[in-house]
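Reader: I should be grateful for a close look at a single part of this model. Please describe one helix together with the partners that surround that helix.

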Amino acid sequence: IEFAPDLAITREQIGTIMFRYAVYKGMLAVTLEENLGFDDADQISEYAVSALNWAVGCGLIKGRTETTINPKDTATRAEAATVIKSFLK
């Protein structure tokens, strides 16, 4: 991943950041359940598959629709705030 602090964050990137932070803090960040049954799951970058599987399983990230997760879309401020708020609970 390239360090680019001025670029917008994608949905898969925020999921990955939260996943890696959970691992860093020693939290259980593994799920054996498959949570990526979205039609566009094949668009998730390889580095983000485990992270999004975890984030969806924890309820931190939801699909944009019932059938899509849109991993490369920019996360809105509301989505980012919701992910962080949910993580802190």
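Author: The account below follows helix H1 through its helix partners, its charged contacts and the core to which it contributes. The model is a predicted one.

Helix H1 spans residues 11-24. Helix H2 covers 49-58 and helix H3 covers 77-88. H1 packs against both of these helices, and the two arrangements may be taken in turn.

With regard to H3, the axes of H1 and H3 come within 11 Å and cross at roughly 20 degrees. Because angles under 35 degrees count as roughly parallel, H1 and H3 are roughly parallel to each other. Their crossing is right-handed. On the H1 side, the residues that meet H3 are Arg11, Ile14, Met18, Tyr21 and Ala22. Their counterparts in H3 are Glu79, Ala80, Val83, Ile84 and Phe87.

With regard to H2, the axes of H1 and H2 come within 8 Å and cross at roughly 80 degrees. Since the range from 65 to 115 degrees counts as roughly perpendicular, that description applies to H1 and H2. Here H1 contributes Arg11, Glu12, Gly15, Thr16, Met18, Phe19 and Ala22, which meet Ser50, Ala51, Leu52, Trp54 and Ala55 in H2. Arg11, Met18 and Ala22 are thus named in the contacts with H3 and also in those with H2.

H2 itself has the buried residues Ala51, Leu52, Asn53, Trp54, Ala55 and Val56. H1 and H3 are among the elements that cover them. Just after H2, Gly59 takes a positive phi of about 85 degrees.

The charged residues at the start of H1 deserve separate attention. Side chains of opposite charge can pair when their charged atoms come close. A search of the whole structure finds 4 salt bridges. One of the pairs is Glu79 with Arg11, whose closest N and O atoms are 2.8 Å apart. Glu79 belongs to helix H3 and Arg11 to helix H1, so this salt bridge ties together parts that are 68 residues apart in sequence. Arg11 has a relative accessibility of 6% and therefore counts as buried.

The side chain of Glu12 is paired with that of Lys72 in a salt bridge of 3.1 Å, N to O. This pair, too, links distant parts of the chain, since Glu12 is in helix H1 and Lys72 in the loop between H2 and H3, 60 residues apart. The accessibilities of the two partners are 3% for Glu12, which counts as buried, and 44% for Lys72, which counts as partly exposed.

Arg64 forms a salt bridge with Asp73, with the closest N and O atoms 3.0 Å apart. Arg64 is partly exposed at 33% relative accessibility, and Asp73 is partly exposed at 31%. Arg11, Arg64, Asp73 and Glu79 are linked in a network of salt bridges.

There remains the nonpolar core. In soluble globular proteins, nonpolar side chains tend to be buried together. The largest nonpolar core of this model has 20 residues, of which Met18, Leu36, Ile44, Trp54, Leu60, Ile61 and Ile69 touch the most other members. Helices H1, H2 and H3 each supply at least two residues of this core, and the largest share, 5 residues, comes from H2. Met18 of H1 and Trp54 of H2 are both named in the contact between these helices.

Ile44 connects this core with the charged pair described above. Leaving aside residues up to four places away in sequence, Ile44 touches Glu12, Leu36, Val49, Leu52, Ile69, Pro71 and Lys72. Both partners of the salt bridge between Lys72 and Glu12 are therefore, by the 4.5 Å limit for contact, in touch with Ile44.

Key:
Residues numbered from 1 in each chain as written. Predicted model: local features only at pLDDT ≥ 70, side-chain atom pairs only at ≥ 80, totals over all residues. Heavy atoms only, no water. Core = buried A, V, L, I, M, F, W, Y, C linked by side-chain atoms within 4.5 Å. Buried < 20%, exposed > 50% of the residue type's maximum accessible area, 1.4 Å probe, protein only. Helix = DSSP H or I, 4+ residues; strand = E, 2+ residues; numbered from the N terminus. Axes fitted to C-alpha atoms, helices over the stretch in contact; angles between N-to-C directions. Parallel < 35°, antiparallel > 145°, perpendicular 65-115°, else oblique. Left-handed = near helix turned anticlockwise from the far one by under 90°.
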